[in-house]
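Work through the exercises below with the model open. Each task is followed by a stepwise solution.

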Amino acid sequence: MDILKEYGIKKDPRFHSIGKEAIGVIIYWVLYAVWAFAFGYIGTLTPPEEYTYIMGFPTWYFWAFLGTAIIFPVIGIIFSLKMKDISLEAHLSEEELKNEGELKG
């Protein structure tokens, strides 16, 4: 059953682009959390006598906290720059809807 067809609603092409961006943001945050927690957990498994150090910090701490403070913001900035601006106007003409559909490319 297709509710859009049943009620005569045209599918907005902006939803495709917005959905892809939303999935990308969720994946970004899941990777960020897994990265931070994985390195933090690895640090709890290593005895302090066996630590190696980067810039005076234990390696696991450097990558869990300082690495995420540098790596993931850069990835987030790059990701946000690749997002397209989409008009949020409720009533777009058919021509504008067609042009925005072509922008999603």
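Buried means under 20% relative accessible area, exposed over 50%, and partly exposed in between, with a 1.4 Å probe and protein chains only. The model is predicted: local features need pLDDT of at least 70, side-chain atom pairs count only at pLDDT 80 or more, and totals for chains, interfaces and linings use all residues. Residues are numbered from 1 along each chain as its sequence is written, and side-chain values use heavy atoms, with hydrogens and water left out.

**Exercise 1. Confidence and layout**

Task: Find which elements have the lowest and highest confidence in the chain, and give the pattern that the chain follows along the sequence.

Solution.
- Start with pLDDT, the predictor's confidence in each residue, from 0 to 100. The chain averages 82, and 84% of the residues score at least 70.
- Then go by element. Helix H4 (residues 94-103) is lowest, at a mean of 63. Strand S1 (residues 53-54) is highest, at 92.
- Elements are DSSP runs numbered from the N terminus: helices are H or I with at least four residues, strands E with at least two. The chain has four helices and two strands.
- Read them in order. The pattern is α-α-β-β-α-α.

**Exercise 2. Helix H2**

Task: Test the span of helix H2 (residues 14-45) against its 32 residues. Then list which of its residues are buried.

Solution.
- The expected span is 1.5 Å times one less than the number of residues.
- For H2 that gives 46 Å; the end C-alpha atoms are 47 Å apart, which agrees.
- Now check burial. Arg 14, Ser 17, Glu 21, Gly 24, Tyr 28, Ala 36, Gly 40 and Gly 43 are buried in H2.
- Set this against the chain: buried residues make up 18% of its 105 residues.
- Two other H2 residues are Val 25 and Ala 38. Val 25 is partly exposed, at 31% relative accessibility. Ala 38 is also partly exposed, at 34%.
- Look for distant partners in sequence. Val 25 and Phe 79 are 54 residues apart along the chain, with C-alpha atoms separated by 8.5 Å. Ala 38 and Trp 60 are 22 residues apart in sequence and 9.1 Å apart in space, C-alpha to C-alpha.

**Exercise 3. Aromatic pairs**

Task: How many aromatic pairs does a search of the whole structure find? Classify two of them by plane angle.

Solution.
- Rings of Phe, Tyr and Trp (its six-membered ring) pair if their centres lie within 6.5 Å; planes under 30 degrees apart are stacked, over 60 edge-to-face, and the rest tilted.
- The search finds 13 pairs.
- Take Tyr 28 and Trp 29. Their ring centres are 5.2 Å apart and their planes lie at 80°, so the pair is edge-to-face. Tyr 28 counts as buried because its relative accessibility is 15%.
- Take Tyr 61 and Phe 65. Their centres are 5.0 Å apart and their planes lie at 45°, so this pair is tilted.
- Tyr 61 and Phe 65 are four residues apart in helix H3 (residues 59-82), so about one helical turn separates them. Tyr 61 is partly exposed at 30%, and Phe 65 is partly exposed at 42%.
- Finally, trace the links. Ring pairs join Tyr 28, Trp 29, Tyr 32, Trp 35, Phe 39, Phe 62, Trp 63 and Phe 72 into a cluster.

**Exercise 4. A backbone angle**

Task: Where does Met 55 lie, and what is its phi?

Solution.
- Met 55 sits in the loop between S1 and strand S2 (57-58).
- Its phi is near 55°, a positive value in a residue other than glycine.
- Most residues other than glycine have a negative phi.
- Met 55 is exposed, with a relative accessible area of 68%.
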